[in-house]
Amino acid sequence: MATEVINGIEVTDYRHPEDELLPTSVEELKQYITRLSEERNVIQADIDSHSDVLRRENNVGMDGPLVDAEQYPRSDIDVVAVRTSRQQVIMLTNDMRDVMGRIERALFKLHELMPRQENTRNDVREEVRPPTRPPFLRVHGVLPDSPAYNSGLRDGDVICQIGSLHKDNFSNLGDVAEIVKLSVNKAVPVKLIRDGTPKTIALKPRPWQGRGVLGCNVVEHTD
């Protein structure tokens, strides 16, 4: 059971996704990840829909007051709609965390299985293949001796995929923060391009003497 604060509201997750049995073959894992990615997109669309309601209601957000200075319900917003959307955002955020965690565990399992199966067939180490997805993030401000630096990230790297996140399912930088939060003290695969050369690294976010768990910044990449 884990409790954290999301948008100013304490949320407790009572689920135990680590107990879930994962598929044991590469193809089954790929299909499983595809299904979870579709589920993630549906959840994200629902979150966006309820977030739009909160923006339309005078941009009240998740923690704006619902009463006026005299402690009466505000007349400039639909209080019932705001309460409903806030509750849905909390529930959907829990669902999103669950799905993202399951995707990450499945990806780690997939990366464990694929080299072994390639080695069995070819008796050689699996070669790193070029990223098949276009870049969507750019790295800058990598600090020396930071987790990002020690994992192999460098200024100017463009990221094509980080864990399960790629250009096709990326909506905003909050998605990256969610992946990083779920991957603290774990290795998350990152496919990137550096000076025209594709690379794959294992990024391991962790606490260190600096701020955050990475020690770098990422921004959206534009062609």
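Which elements each supply at least two residues of the lining of the largest cavity? In this predicted model, where residues are numbered from 1 along each chain as its sequence is written, local features need pLDDT of at least 70, side-chain atom pairs count only at pLDDT 80 or more, and totals for chains, interfaces and linings use all residues. Side-chain values rest on heavy atoms, with hydrogens and water left out.

The answer is β4 (158–162) and α4 (173–182); helices (H or I, at least four residues) and strands (E, at least two) are DSSP runs numbered from the N terminus. A cavity here is a set of points, on a 1 Å grid over the protein atoms alone, where a 1.4 Å probe fits but cannot get out, and lining residues have an atom within 4 Å of a point. Searching the whole structure yields 1 cavity of 30 Å³ or more, and the largest cavity holds about 40 Å³ of space, a volume being the space filled by probe spheres set on the points. Its lining consists of Leu-153, Ile-159, Ile-162, Val-176, Val-180, Leu-203, Leu-214, Cys-216 and Val-218.

Turning to the strands, β6 (residues 188–194) and β7 (residues 197–203) run antiparallel and are joined by 7 bridges; pairing requires at least two bridges found by DSSP. Arg-194 stands opposite Thr-197 in β7. The two strands form a hairpin with 2 residues between them, and Asp-195 in the turn has a positive phi of about 55 degrees. A positive phi of about 55 degrees is also taken by Asn-58, just after α1.

Key
On a 1 Å grid over the protein atoms alone, a cavity is a set of points where a 1.4 Å probe fits but cannot get out, and a pocket is an open set with protein on both sides within 12 Å along at least five of seven lines; lining residues have an atom within 4 Å of a point.
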